[in-house]
Amino acid sequence: MACLLEAPLRISVLSEVTATSRHYVDRLFDPDPQKVLQGVIDMKNAVIGNNKQKANLIVLGAVPRLLYLLQQSSSSLELRTECAVVLGSLAMGTENNIKSLVDCHIIPALLQGLLCPDLIFIEACLRCLRTVFISPVTPVQLLYTDPTVIPHLMSLLSNSQKTQEYITQIFSHCCKTPEHQTVLFNHGAIQNIAPLLISPSYKVRMQALKCFSVLAYENTQVSMTLVNVLVDGELLSQVFVKMMQRDQPIEMQLTAAKCLTYMCRAGAIRTDDSCIVLKTLPCLVRMCSKEHLLEERVEGAETLAYLMEPDVELQRIASTTDHLVAMLADYFKYPSSVSAITDIKRLDHDLKHAHELRQAAFKLYASLGSNDEDIRKKITETENMMDRIVSGLSESSIKVRLAAVRCLHSLSRSVQQLRTSFHDHAVWKPLMKLLQNAPDEVLVMASSTLCNLLLEFSPSKEPILESGVIELLCSLTQSDSSALRVNGIWALMNMAFQADQKVKVEIVRCLGTEQLFRLLSDPDTNVLMKTLGLLRNLLSTRPHIDQIMSSHGKQIMQAVTLILEAEHSIEVKEQTLCILANIADGNTAKELIMTNDDMLQKIKYYMGHSNVKLQLAATFCISNLIWNEEDGSQERQDKLREMGFVDVLHKLTQASDPNLSDRAKTAMQQYLA
C-alpha cells in the first residue's frame with residue numbers, strides 16, 4: 001500500500017508549495033497598494049535563505065511584476081525599495097535565478113532606479129546590482145551599454161559607505177578587459193576611489209583595493225598614474241605597503257601585494273625598489289606557507305610567479321626566502337592529514353580544489369627556474385620533483401597539465417638537467433603523449449620543451465627520433481598558430497643539426513618541398529628564420545648537400561633568389577647567404593650557383609653592401625666557390641675574375657672590419673696559390 005501512496009503524496013506536497021508561492025505572487029496584483037506592499041514584505045521574509053521558494057517565485061512570474069512595481073512612479077518609495085530588496089534576495093540564490101533575472105532585464109531597470117534621489121532606494125538597487133554582477137553568469141558588458149552609467153555611478157560614490165562598497169565591488173567585478181580599464185580610468189576612477197582606501201569601513205577599503213588591482217593589471221597608463229597619487233598626503237604605494245603588514249587581514253595583505261606586483265610588472269615601480277624587494281616579495285612568500293587557506297596559498301604563489309617572471313634577481317631573492325623551494329613541495333601533499341582540517345565542509349572543498357595548489361606550485365617553480373642554473377638544480381633535487389612533473393603532465397585538469405609543462409620547459413633550458421634528471425626520468429615519453437592531443441596553449445609549451453630535448457647534447461634526442469616524432473613536428477608546421485609553426489620548424493631544425501643522412505632525408509620527405517617553400521614565404525619572420533635554419537642544417541656536409549641539391553636544387557635556388565630580392569631583415573638575408581655558402585661547399589651542388597649568372601651578381605652586390613654581416617656571408621660564399629683544392633677550381637676562378645670579383649675582393653682586404661678583411665685575404669690567396 002505504501003508504494004501506491006507514494007506518487008500522489010509527492011504531487012500533493014509539490015502543489016501545496018506551489019500554491020503558497022502562487023499566493024505570494026497573486027498578492028502583487030492586488031488593487032490596494034497597501035496590500036501589495038504587505039505582500040512584498042511577506043515575500044521578502046519567505047525567501048530569505050530558502051532557495052526552493054526563490055526558484056518557485058521566479059517560475060511563477062514574480063520577477064516581471066516586481067520590476068514593474070519598482071519602475072512605476074506611482075508606486076510609493078517604500079514599495080519600490082522593498083521590491084529592490086526582494087529582487088536582491090532572489091539574486092542570492094542559484095546561477096539559474098540570476099540568469100532568469102538578467103533575462104527579465106533587471107539590470108537596466110535597476111540602473112534606471114539609481115536616478116531616484118532617495119538614498120535608501122539607491123542603496124537597495126545597488127545592493128541588488130552588486131549581487132547580480134558578481135555572478136559569473138552575468139554578462140559584464142551590460143554595465144557599459146549605456147555610456148551615462150559609469151559617470152553616474154562615480155557621482156554616487158560620495159553618498160554613503162554602502163554606495164561606496166557596492167559600487168567599487170561592481171567595478172572590480174566588471175573590469176575584465178583593457179577597454180573596461182580605459183572607460184573607468186577616463187571617468188576618474190583613480191581620483192574617486194583613492195580616498196576610499198582610508199575609509200573607516202573595512203569593507204569599503206577592501207573593495208577599493210580590489211578595484212585598483214584589476215585597474216592596474218597589465219595596464220601601464222593606470223599604473224604610471226597610480227605611482228603619483230597621494231592619499232591623505234601619503235604616496236599610494238606606501239598606503240599599499242601598510243596594507244601588507246602582518247596585522248592586517250590576509251585578504252588585504254594579498255590584494256595590496258597584487259596591486260604593487262601589477263604596478264611593478266607594468267613598469268611603474270622598479271624591480272629593485274624596496275617596496276618590492278623588502279615588502280611585496282616577502283609578503284607573497286609568506287602566503288605560500290601551509291598555515292594559510294588553500295585559496296590564499298594558490299593566489300600567493302601565482303602572484304609571486306607573475307611578479308618575478310621577467311627578473312632573475314627577484315628569482316634569486318625568492319629562492320632563498322623562507323625555504324620557498326621546499327615549502328612549495330607541500331603543495332603536492334595536500335591535504336596531508338585529515339585531522340588537520342576539522343571542518344568537514346572545508347575538507348570537502350579543499351579536496352575538490354587541491355589540483356589548484358599543484359597548478360600554482362608548478363607555475364611558481366617555472367618562474368623561479370626560468371633563468372638561474374643553481375635554482376633549477378635546487379628545484380629538481382626537491383623530493384620526487386621530476387616524478388611530480390611527469391604525473392602532472394597526465395593529470396585530468398588541463399590547467400595542471402599546462403602548468404606542469406611550463407615547469408618542465410623552464411627546467412629544460414638547463415644543459416645539466418637535460419643530461420641528468422630529464423634522461424633519468426624519460427620525461428620525453430609523457431611529453432610526446434601530451435603532444436598527441438592537446439589544446440593549442442598546451443601544445444605551444446610542450447613543443448617548446450621538445451625543441452630543447454632535441455638539442456644535440458640531449459640524451460633524449462635519440463629515443464625521441466625513434467618514436468616517430470618527425471611526422472608530428474611536420475604537422476605542427478601546418479598549424480594556423482604561428483607559435484606552433486615556429487616550434488614545429490625549430491624542433492626540426494634542432495633535429496637536423498649534425499644529423500645523419502637518413503634523418504635529413506626523412507625530414508625532407510615528411511615535410512615535403514611544397515610545405516618547405518610555403519614556410520619560406522611565411523608572414524611570420526620567426527617561422528622564416530627557423531625554416532632557413534632548418535635548410536642550413538640540412539645542407540651541411542658535402543654528400544648531404546649534393547644529395548639534397550640534386551633532387552631539390554631548382555626549388556631551393558628559386559627560394560633563395562626570392563628572399564634575396566624581397567624586403568627582408570638583415571638577419572633573414574644573412575641566413576640566406578649562409579645557405580648559399582653551404583651550397584657553394586658541395587662538390588656538384590656549387591655548379592647550381594656557377595651556372596646562374598643572376599645569382600652571382602646578387603652575391604657580388606652583397607659583397608659591397610653597407611652591412612658587414614652580409615658582406616662576410618657573401619665573401620664566404622665566393623671563398624667556397626674558388627677553393628683551390630677542388631675539381632674545376634681554375635675554371636670557376638677564371639669566370640669570377642671575368643665578372644669582376646677579384647677587384648671586389650681586393651677592395652675588401654682593406655676593410656675596417658678585421659673579420660671581413662681576413663676573409664677577403666683568404667679568398668685572394670686562392671688566386672695566388
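1. Lys and Arg are counted here as positive and Asp and Glu as negative, leaving out His and the chain ends; each charge is placed at NZ of Lys, CZ of Arg, CG of Asp or CD of Glu. On this basis the chain carries 65 positive and 74 negative charges, whose mean positions are 3 Å apart.

2. The model is predicted: local features need pLDDT of at least 70 and side-chain atom pairs pLDDT 80 or more, whereas totals for chains, interfaces and linings use all residues. Residues are numbered from 1 along each chain as its sequence is written, and side-chain values use heavy atoms, without hydrogens and water.

3. The chain has 42 helices and 2 strands (DSSP runs of H or I, at least four residues, and of E, at least two, numbered from the N terminus). Its C-alpha atoms fill a box of roughly 115 × 70 × 50 Å along the principal axes.

4. Of the 673 residues in the chain, 55% are buried (under 20% relative accessible area; exposed is over 50%, partly exposed in between; 1.4 Å probe, protein chains only).

5. Among the aromatic pairs (ring centres of Phe, Tyr or the six-membered ring of Trp within 6.5 Å; planes under 30 degrees apart are stacked, over 60 edge-to-face, the rest tilted), of which the structure holds 6, Tyr-217 and Tyr-262 meet edge-to-face at 4.9 Å centre to centre and 70° between the planes. Tyr-217 lies in the loop between helices H13 (202-216) and H14 (220-227) and Tyr-262 in helix H16 (residues 250-265), so this pair ties together parts 45 residues apart in sequence.

6. Tyr-262 also pairs edge-to-face with Tyr-306, at 5.9 Å and 75°. Both Tyr-262 and Tyr-306 are buried, whereas Tyr-217 is partly exposed at 36%.
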